[in-house]
Amino acid sequence: MADITNQSLNEIIENVKTKKVSSTDLTKAYIKNIESAKKLNAFVSTTFDQALDKAKQFDSKPNFDQLLPGIPLAVKDLFCTENTKTTAGSNILNNFIPSYESTVTKNLWDNGSFLLGKLNCDEFAMGSSNETSHYGNVINPVGDQLVPGGSSGGSSSALAADLTPATIGTDTGGSIRQPASFTGTVGLKPTYGLCSRWGIVAFASSLDQAGPMTKTIKDCAIMLESMSGFDEKDSTSINKKKEQYSKNLKDNIKGLKIGIPKEYRVDNMPKEVDELWEKGKKILKDLGAQLIDISLPHTKYALPTYYIVAPAEASSNLARYDGVRYGYRSKQGKDLIEMYEKTRSEGFGDEVKRRILIGTYVLSSGYYDAYYLKAQKVRQLIKKDFDDSFKKIDAILTPSTPSSAFKIGEKTNDPVSMYLNDIFTVPVNLAGIPALSLPAGVDNQGHPLGLQLIGKALDEQKILNIGYAFEKNCGFKNEIKKWWS
Amino acid sequence: MSKEKFDYFIKGEKEKYEVVIGLEVHAQVLSKSKLFSGSSTKFGADPNNQVSLIDSAFPGMLPVINEECIKQAVRTGLGLNAKINNYSVFDRKNYFYADLPQGYQISQYKNPIVGEGKVLLDMPYGSKEIGIERLHLEQDAGKSIHDMDPSNTYVDLNRSGIALMEIVSKPDLRSPDEVNAYIKKLRSIMRYLGTCDGNMQEGSLRADVNVSVRKEGDKNFGTRCEIKNVNSIKFMQMAIEYEAARQVELIENGKKIDQETRLFDTKKNETRSMRSKEDAHDYRYFPDPDLLPLKLEQKLIDDLKKSLPELPDKKKERFVKEYGLNAYEANVLVSEKEISDYYEEVAKLSDKKLAATWMMGDLFAMLNDRGLDISKSPISAKHFAELVQAIKSGEISGRIAKEVFEIMVESGDNPKKIIESKGMKQQSDPKELEKMINEILSKNKDKVDQYKAGKEKLFGFFVGQVMKLSGGKANPQLTNEILKKLLKG
């Protein structure tokens, strides 16, 4: 049998169901791939023994009715996993072993899958290149000099390198969609509240949302169906009936109205990105969709708004890491206060510190109104832009990122240029709506580029359908040479 | 009842000063579990035994509001005649401290659940209304224990996350007595409502006390100082007295009062500066993104309103009207719900007025001596009513009743049984009494002559003899009447 690991999740599930491959053999194949891909540094930890046990258990008593029968999955190391170290890419959690399982991963396991390992990510999901991780940067399988995007860089890298059949990430400002775009894979940021935040190490609570990262749209639908659902332990979770995204997937998009926002044509955007956008419009038009020019006038304020709101929440969310109850504790320090100071100085990296400082500043008395309060008001305007547009259209098409994957180290000394990478993804988080990044082509260096489909709240099925039709007609194939093994 | 005049002023060397006091009372919500977690709130558990992953702020843990705590806050708001806000917001109050695992306290800042209300106080100089500014819900912090080890501080998180209601008064209080009455009234209302047990020893009720002084007649407030976390009424009163005197002295010496936070040292009986306004924390309040704004449906508020018990003010009115009590009696008997329940049970079965007198006299004295709540009274309401009826009907005298009462306390028996078995029934048969009195008069002819000669003081002697002979059982009224009649003859 040909290498099963380069197949889509959906194909693998079919192979398991038809007993062409056992869960054990499947798991072994991924373990082999992971072991030969250490150069990519996609994993923080692996759980091979545990995974093989689970695979054997499945094979001895298989249940093929599950959504993810006997499927090994690696997940971003931001999800708390019971009895398995969870670091959030930070030194301050370098020894933290949760006694609990995040709701999203529990949902995955309840659907028949099991944990293969924990994937590297930017520290506390703060970064766009996976270079802020305490556990070293991750390399993009597309090229040994390239970043895999961030913060779910371990996830995108592992997925593109066939180290996991599908994966999950979290997206606070683009952390699923941008790495998906950089690696030629599919990434979905669901509606805020669709997937529970319980048990996910928090970055910015009003923006954080877990979502699937997969090779195909069908896979994306399967994963979303498996991981989402109401959770009474998360007060911001949406209480609604579970959808059958994969079963309801349709490729007929005739008559759908696709909005093209003029504000997403930014200065200095590479020509290829523009051309890709044009290509995307043409594909959708040829499939019978109607293109409509729209305006989202507050788009230009999204990035500054995001970089006030997210650090503000982060500065408060990260106050709990003090070295007392769990995690790293400095051995320096004469007294309690000094122990706190040293623990946090040694435990957090530069980018995290930078955001804690920004967040503390914008919430401080005398600055609150000028920054945080104003940012909240602008956030409402950004949301309103989308609400108004979605009265006339079904979805919005934009580029996912302003460029393809950049070089390792290229932006590490320039935080603002790093932040600019999120320019197309951030507005969606501020508005709490779903968006899908789908692979659409390559730039002149052969590096993948993605297009973004934005839907209105809870319209995941619609953007998946558009993505499904697009995927069939786009002709993109992710050709990655396995240079690392 | 003659009304006294309000007279609490601090006399300086030069002027007379009025004291202005506002209280921020922290009342622990009576609920089985904490404000945002399922942990138990029971008092007295071993340290760190009632702590969930949420209370100890583990990564990825999220708060979920406990509906019962919301209802309790609404009930309390209704009991304070306050506006209930259909929309309120939970905010994070950020500060770093060893007993605050999250690094922030979830509280309500700009949009509290309860708005303005009022509380009525009965003062000797008339009733006085104290304004309530707001009531909001917040989490309690853990407890730092400094005296268990010479070099280490221990932290107990059992209290971490327990729901508190912070009830902020307007600066309407003017004396330690009013503070006493205010705290007792708040406590009484919350105990009636079952929203706070009011147990100050266990820390269920504590207060920050804001004190300022101003010259009598001044319209503007002086600079205030906040005395943090005082946990008994007596200490509040002492702290206010000390603080007011300190401020007056500063003013009279031409010095400025700094707005600051102070601590009350109960050992030295003084307040001490804790931190100045400049050092005040910047709490960086912002809406907690883990919690949606709290939207209360009017129906919920209306339903809670309908289910409220009769509160002390209403009950007092009724006691005056229905039972013919005076305001003072009614006030005492409604102060605790258990007392009012006991009284009403007694009043149903016996003379209402006499029942009140005996309850407030002998029963309260006995309970007080024994340090008992009325719920633990050795005399049941039914037995107590029987005793009151025995007095009312003339079956026993007041003096005998006191003896019966003592025996009831010790034995728990009903008064009828005691009176019968001990032959304590009052002698109320005129014929029997007359026979007895005649016997006494004939034995004391000399004294009878002296009495008739004008030594009327001797009347008491004859009464004493009758009581002695009857073993105290002679009906005093009848004895008087018959004695007078026979001595005339």
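The radius of gyration used here is taken over C-alpha atoms, and the globule rule sets an expected value of 2.2 Å times the number of residues to the power 0.38. With that idea in hand, let us look at the two chains of this structure, which is a predicted model.

**Chain A**

Start with the overall form. Chain A has 485 residues, and a compact globule with that many would have a radius of gyration near 23 Å; the chain comes out at 21 Å, which agrees with the rule. The C-alpha trace of chain A spans about 65 × 55 × 45 Å along its principal axes. Along the chain you can find 15 helices and eleven strands.

**Chain B**

Now turn to the partner. Chain B contains 15 helices and 16 strands. Its radius of gyration is 30 Å, well over the 23 Å that the globule rule gives for 489 residues, so chain B is more spread out than a compact globule. Along the principal axes, the C-alpha trace of chain B spans about 95 × 55 × 50 Å.

**The chains in numbers**

Here are some values for each chain, set out for easy reading.

| Property | Chain | Value |
|---|---|---|
| Buried residues | A | 65% of 485 residues |
| Buried residues | B | 51% of 489 residues |
| Accessible surface | A | about 17800 Å², 49% from carbon and sulfur atoms |
| Accessible surface | B | about 24300 Å², 48% from carbon and sulfur atoms |

Sequence separation adds another view of the folds. Take the contacts in chain A between residues at least 6 apart in sequence: 75% of them join residues at least 24 apart. For chain B, counted over contacts between residues at least 6 apart, 68% join residues at least 24 apart.

**A pair of helices in chain B**

Two packed helices are described by the angle between their axes and the distance between the axes. In chain B, helix H1 (residues 67-79) packs against helix H4 (residues 298-306) at an angle of about 60 degrees, and their axes are 10 Å apart. The crossing of H1(B) past H4(B) is right-handed.

Which residues of H1(B) and H4(B) meet? From H1(B) come B:Lys71, B:Val74, B:Arg75 and B:Leu78, and they meet B:Leu300, B:Ile301, B:Leu304 and B:Lys305 of H4(B). By character, the residues of this contact are five nonpolar, three charged and no polar.

**Some backbone details**

A few spots in the backbone deserve a look of their own. In chain A, the peptide bond joining A:Gly150 and A:Ser151 is cis, with omega about 5 degrees. You will find A:Ser151 in the loop between strand S3 (114-119) and helix H5 (153-160) of chain A.

A:Ala88 is not a glycine, yet it has a positive phi of about 55 degrees. This residue sits in the loop between strand S2 (72-76) and helix H4 (103-110) of chain A. Is A:Ala88 buried or exposed? Buried means under 20% relative accessible area, and A:Ala88 has a relative accessible area of 0%, so A:Ala88 is buried.

In chain B, B:Asn81 is a residue other than glycine with a positive phi, near 55 degrees. The place to look for B:Asn81 is the loop between H1 and strand S3 (87-88) of chain B. Its relative accessibility is 48%, and therefore B:Asn81 counts as partly exposed.

Technical notes
Residues numbered from 1 in each chain as written. Chains lettered and ligands numbered in written order. Predicted model: local features only at pLDDT ≥ 70, side-chain atom pairs only at ≥ 80, totals over all residues. Heavy atoms only, no water. Axes fitted to C-alpha atoms, helices over the stretch in contact; angles between N-to-C directions. Helix = DSSP H or I, 4+ residues; strand = E, 2+ residues; numbered from the N terminus. Left-handed = near helix turned anticlockwise from the far one by under 90°. Contact = heavy atoms within 4.5 Å. Nonpolar A, V, L, I, M, F, W, Y, C, P; charged D, E, K, R; others polar. Buried < 20%, exposed > 50% of the residue type's maximum accessible area, 1.4 Å probe, protein only. Areas by Shrake-Rupley, 256 points an atom, 1.4 Å probe, with all protein chains shown as cover.
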